[in-house]
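Visitor: Could you walk me through this model and tell me what backs up each label?
Guide: Sure, here it is.

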Amino acid sequence: MNNLFIISGPSGVGKSTLIDYILNTIPQSRLSISCTTRSPRYYEHDGKEYYFIMENKFREMIQNEELLEYVYCFGNYYGTPKSEVDNILKNNGICILDVEFAGAMSILKYYKNNAEVKCTSILVMPPSIIELRKRLLERGSENEEAISRRLSGFNSEELAYYEPFYDYIITNNNLKTTKEVVLDIFKKSIGDK
Ligand code: ADP
Ligand code: 5GP
């Protein structure tokens, strides 16, 4: 049985921080590196957080059906290369995907009838919108306008619709506690606990 974990949540909630913790704690875990047309942030490197590609290359990947799913979000394209997930699962890795709601739904649907792949979905929520804004500001990777766009992209109607599709909904308040909660979920799903 292969394990695949989907992590969703608003920009700045702490998804990457939590995923980094899992990658450093569970040796078989691997991040499915998405393709994006957005520019790298000051701390990001091509091939680590994302494959940063031009829009024409992204379109080519869509044409060639190389993407498991893709979305246009906050003015850029984001997509999951089939090869990323396939390679991780083929090598018995534990696959982690950091994707927004629509992507999460596509992936869940894609693997729904696959008895070989166990999907676990986690929605990470902020303690408040004020705290979320603070984290985005402190990260210093987006300007005010981009932050506002990211915050407004996270609306309660959409959230209410998607929440029931997730196995776990957790609030990232105290980071140390959240890391423990996420690690517990991973261990439970993998069968270590
Ligand atoms: P995301 O991947 O969801 O966009 P990040 O992991 O980049 O979010 O986190 C955004 C910022 O918030 C980072 O500067 C990170 O260090 C910080 N952060 C993450 N979790 C917490 C937490 N529980 N409390 C305070 N700051 C946090
Ligand atoms: P960011 O620009 O903050 O890195 O990502 C913006 C949003 O895109 C986040 O919600 C993140 O989860 C989502 N995302 C990143 N990669 C993918 C992907 O390959 N597919 C989908 N559907 N969403 C993605």
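**Two ligands and a ring pair**

Guide: Let's begin with ligand 2, which has an oxygen atom 2.8 Å from an N or O atom in the side chain of Arg41. The model is predicted, so local features need pLDDT of at least 70 and side-chain atom pairs pLDDT 80 or more, while totals for chains, interfaces and linings use all residues. Residues count from 1 along each chain as written, chains are lettered from A and ligands numbered from 1 in written order, and side-chain values use heavy atoms, without hydrogens and water.

Visitor: What makes the Arg41 pair with ligand 2 a polar contact?
Guide: A polar contact is a pair of N or O atoms within 3.5 Å (within protein, one must be able to donate a hydrogen and the other to accept it, and residues adjacent in sequence count only if both atoms are side-chain atoms). At 2.8 Å, the Arg41 pair qualifies. An N or O atom in the side chain of Arg38 is 2.7 Å from an oxygen atom of ligand 2, and for the side chain of Ser11 the value is 3.5 Å.

Visitor: How much of ligand 2 does the protein bury?
Guide: Alone, ligand 2 exposes 510 Å², and the protein buries 95% of that; areas come from the Shrake-Rupley method with a 1.4 Å probe, and for residues only the protein chains shown count as cover.

Visitor: Which residues surround ligand 2 most closely?
Guide: There are 18 around ligand 2, and the closest are Ser34, Tyr50, Tyr78, Asp98 and Glu100; "near" means a heavy atom within 4 Å. β6 gives the most to that shell, three residues.

Visitor: Why is the Tyr50 and Tyr78 pair called tilted?
Guide: Rings of Phe, Tyr and Trp (its six-membered ring) pair if their centres lie within 6.5 Å, with planes under 30 degrees apart stacked, over 60 edge-to-face and the rest tilted. The count by this rule is 13 aromatic pairs. Tyr50 and Tyr78 have ring centres 5.9 Å apart and planes at 55°, so this pair is tilted.

Visitor: What does the Tyr50 and Tyr78 pair tie together?
Guide: Tyr50 lies in strand β4 (residues 50-52) and Tyr78 in strand β6 (residues 76-81), so the pair ties together parts 28 residues apart in sequence. Strands are DSSP runs (E, at least two), as are helices (H or I, at least four residues), numbered from the N terminus.

Visitor: And ligand 1: which residues make polar contacts with it?
Guide: Among them is Asn172, with a side-chain N or O atom 2.9 Å from a nitrogen atom of ligand 1. A backbone N or O atom of Gly14 lies 3.0 Å from an oxygen atom of ligand 1, and one of Val13 lies 3.3 Å from an oxygen atom of ligand 1. Taken alone, ligand 1 exposes 570 Å², of which the protein buries 78%.
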